[in-house]
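Let's work through some exercises together. Keep the viewer open and try each task before reading its solution.

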Amino acid sequence: MADLDAFRQQTRAWLDENCPLSMRKPMTKESDQCWGGRNFTFASEDQKLWLDRMAAKGWTAPDWPTEYGGGGLSQEEHKVLREELARISARPALSSFGVWMIGPAILKFGSEELKRQHLPPIVRGEIRWCQGYSEPGAGSDLAGLQSRAVDEGDHFIVNGQKVWTSYADKADWMFCLVRTNPDAKKQLGISLVLFDMTTPGVSTKPIKLISGSSPFCETFLDNVRVEKSQVVGEINAGWTIAKYLLTHEREMIGGMGRTASGQKTLAQIAVECIGLDGGKLADDMLRGEIAHWDLDAKAFELTAERVVDEAKAGQGVGAASAMLKYYGTELNKRRQELLVALHGSDGLVWEGEAHREGAIARNWLRSKGNSIEGGTSEVQLNVISRNILGLQ
Amino acid sequence: MSALVLNEEQQMLKDAAKRFMYESAPVSQLRALRDSEDATGFSRELWQGMVEMGFVGTLIPEALGGSQFGYLGMGQVSEQAGRNLSASPLLSTAVGGVAALLLAGSNDQQHALLPKVAAGELLLSLAVDETPRHNPSQVSTRLESKGDGFVLNGRKQFVIDGHVADKLIVSARSSGADSERDGISLLLVDRTAAGVKVERVSMADSRNAALVTFTDVAVAASDLLGEAGKGFDALELTLDVVNGQLAAELLGLSLEAFERTVAYLQERKQFGVTLSSFQGLQHRCAHLFSELELIKSVVLKALMALDEGDEDASMLVSLAKAKASEVAELATNEAVQMHGGMGMTDEFDIGLFMKRARCVQALFGDFRYHANRFALLRGY
C-alpha cells in the first residue's frame, strides 16, 4: 500500500505539471476527441502535447508491457492512474480502437513480430485502426461472413465487402475477419488479418446516419493482397479471437451507460433546465422518470464495479459482458430520451449556434445504434438465455 | 473502499444460513403455520435453532453475547430467509429491535436487554407507522410528561410480530406538528403494560403484523431511548438498517422465484417442446436475469456502506430498497405468469413468493417512497 501511495503522489505531481489546463475541461465537440493516426488534424497544440506526453509515459496503454511501449502498470496502479485522471477531469489523451481492441488481441494471440510492428505505433497514436467485421449479409449472424481470402502461398488475395466499419475513411489499418476455408463449418473457416488501408483494392464510402453524421463506412475489398505474416493467431482460428474482441467491444459500448468523469449527471442537467421547488425538481413527472433512471444507472455502475471485483477474486458469471452490453446501451438510450424531453423544443434543434449545432438531437439519434452495433440487444438476450440460463 | 465481494467469514455465514434455512425453515413450514392457524405465527423451536446458529445475535456486540458479524453478515441470513420464506421474528427482533437499541439506547439499556435478545429470551418490535403508507415523521402518538415519567396515547399499525413481542419500540411525539422531524421520541413499552391493546392482523403473506393502541400508558423515564424529542435521527438510521435487510430478503426471494421459474420452463412441455425453447419467454428471463444482477450489487453495496459508516449509506439503502422492490415485483409477477395456470393455484409455492414480496416491499417504504428519498438525497 505504501508503494501505491507513493505512486499516487508521483502520478498526481506528474499530471499536475503535464496535463494542459485546456485538457481538463469537458469535451463539447467531436473534434475534442483525439483519435491520432496519419491524417489526424489536431484541434489544438495542447491536444497534441497531451497525447505526446502521455504516450511517452506509455499511459495511452497503461497496462501494456513497457517493451511494446506500454506503461507496464499493475491493475492497482492502473486504477490509481484512472482515479487521478478523473480527479482533474482530464480528457482521454487518445481514443483508439488500437488500444481498446486490436492491441489487446495482438498481445494475447499475435506473434512476436506482430507485437513489435504494431503495438508501439498504437501507443504513440500514430496509426489509427478500424474494424472489418459486419458484412451486408452477416450482421447479427456474424459467423456467416463471406469475404473470401484465397491462399496464394506467402499471401492471401481478399475479395468482399464490409459494412458498418467505424471511421474506415479515416483509418490507417484494418483488422478484418475473412473466410480462409469455405468448406469448414462456418465458425471454423475464419481468420483475422491485418492490412494497410492504402493497399491497392481497398476503398471506402461513408454511410450517412439518421443523426446526420457518418461515423460508419462501407468498405470494398477488391483483390487486396494480405501477407500471411499479418494473420493474428492461427489461420482458420480467427473466430476465437473475434469472440474475444466482441467481448471487449461489448464492455466498451456497455460502458456508455455510465456517466464519465467531467460529464454532468442527468440530474444536474435536469436541475439546470427545470429548476428546484422546495428542494425537488420542479416538474413532478420528469422528476419521477429521472429518479427511476438515476436508480438504474447507479445500480448499473455498481454492477460493472462488482463484475470487475469478482473477476479479480476469481469468481463471477461468465458472459457478464452480454448483460452489461444489453443493460448499458438500453440505459444510455433512456438517458438520451430524457435529455431531449428535459430540453423540450430546444432538444430538437438541428442546426445553429444557439444549441450546440443540434448536439442533443444528434446524440439522441446516434444512441439508437448503441443497442444494434456490437451485437443487438436481442442477440445479447439470446446469449444470456442460452449460455447462462440454459434455456433452449 | 472495499471490493464488492464477500469476505471469507461472510461467505461461511452465507453457506451456513443457506443450509439451515433450507433444512429447518423451508417454505413448507410457513405453509404449515398458515394452515394450522398457529397462534404465534412462528415456531419457538426454530427461533431457538436460530439463537444457537448465532443468527439472532449477528448485530449484537460480542461483549453482550452476540457474534458481531455486521450488517453485511446479517444480510446473508436475511437473503436465505428470503429464499425460503422463513417465518421468524428475525427482522422484528434481531434487526429492528437490536438496531434501535444499538443506535438510540443507553449503555445500561443495551446491557440489560441485548444479552437477553441474543439468548432468545426477549422479542422486540418497532411500532413506527401510523398511516397505511410508510411515513416515519408522520407521528400523532403523543408522549406527555407526568410526574417523574410520561404518559403515552396513540395508535400504530403494521407492527411486525407486535402480538408476540415482549417489548415494543415506539415513536411518539413530545412536541411539534404532526409531520415534523423535531419532537419525536423513541421509547420502550411492554406489550402487556396497562393500556396497551394489541390486535393481531394476519397479512397476505401469512405472516404477522399488529395494530397497537396506547391509552394512557405509563412510561418510566428510564424507558426513553435517547433524549426526549430528539429520536428521529436514530429512528432514520434504524430504518436504514432494517431496509437494508429487507432489500437482502427481497433479493433472496426474487432469486428463488426466478430459479424455480427457469426450472419450470425447462421441464414443462407444450406443442411438443419445452417452454424454454420459446424466445418470447427466453428474452423475458434474460432481462430479469440482468435486473437481478443489478440488485445483487446494490444490496451488497448498501450493507457494506452501513458497516463502514459511509456518508452515502442512507442514499445507498434507499437505492437498494427501491431497486429490490421493483425487481421483486417484476420477478414474482413473471414467475406467476410463466407458471401458467399452476401459478394461480394455492397448491404451488410460487404464489407465496409474490405475497411475501408485496408485504416486504410495502414495509418501511416501497419503490416510490425510496425513489423519492434517493432523489432528495441526490439533491433533486
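**Exercise 1.** How many residues does each chain, A and B, bring to the contact?

*Solution.* Before counting, note that this is a predicted model, where local features need pLDDT of at least 70, side-chain atom pairs count only at pLDDT 80 or more, and totals for chains, interfaces and linings use all residues. Residues are numbered from 1 along each chain as its sequence is written, chains are lettered from A in the order in which they are written, and side-chain values use heavy atoms, with hydrogens and water left out.

Step 1: contact means heavy atoms within 4.5 Å. Step 2: chain A gives 39 residues and chain B gives 42 residues.

**Exercise 2.** How much area do chain A and chain B bury between them?

*Solution.* Step 1: buried area is the accessible area (1.4 Å probe) that two parts lose on being put together, summed over both. Step 2: the two chains bury about 3500 Å², with 64% of it on carbon and sulfur atoms. Step 3: on the chain A side, Leu295(A), Arg306(A) and Leu391(A) lose the most area to chain B, together 20% of what that side buries.

**Exercise 3.** Is Lys323(B) buried or exposed?

*Solution.* Step 1: buried means under 20% relative accessible area and exposed over 50%, with partly exposed in between (1.4 Å probe, protein chains only). Step 2: Lys323(B) has a relative accessible area of 0%, so it is buried. Step 3: look at what Lys323(B) touches; among its contacts are Asp296(A), Tyr327(A) and Glu291(B).

Note on methods: Lists of a residue's contacts leave out its neighbours within four places in sequence.
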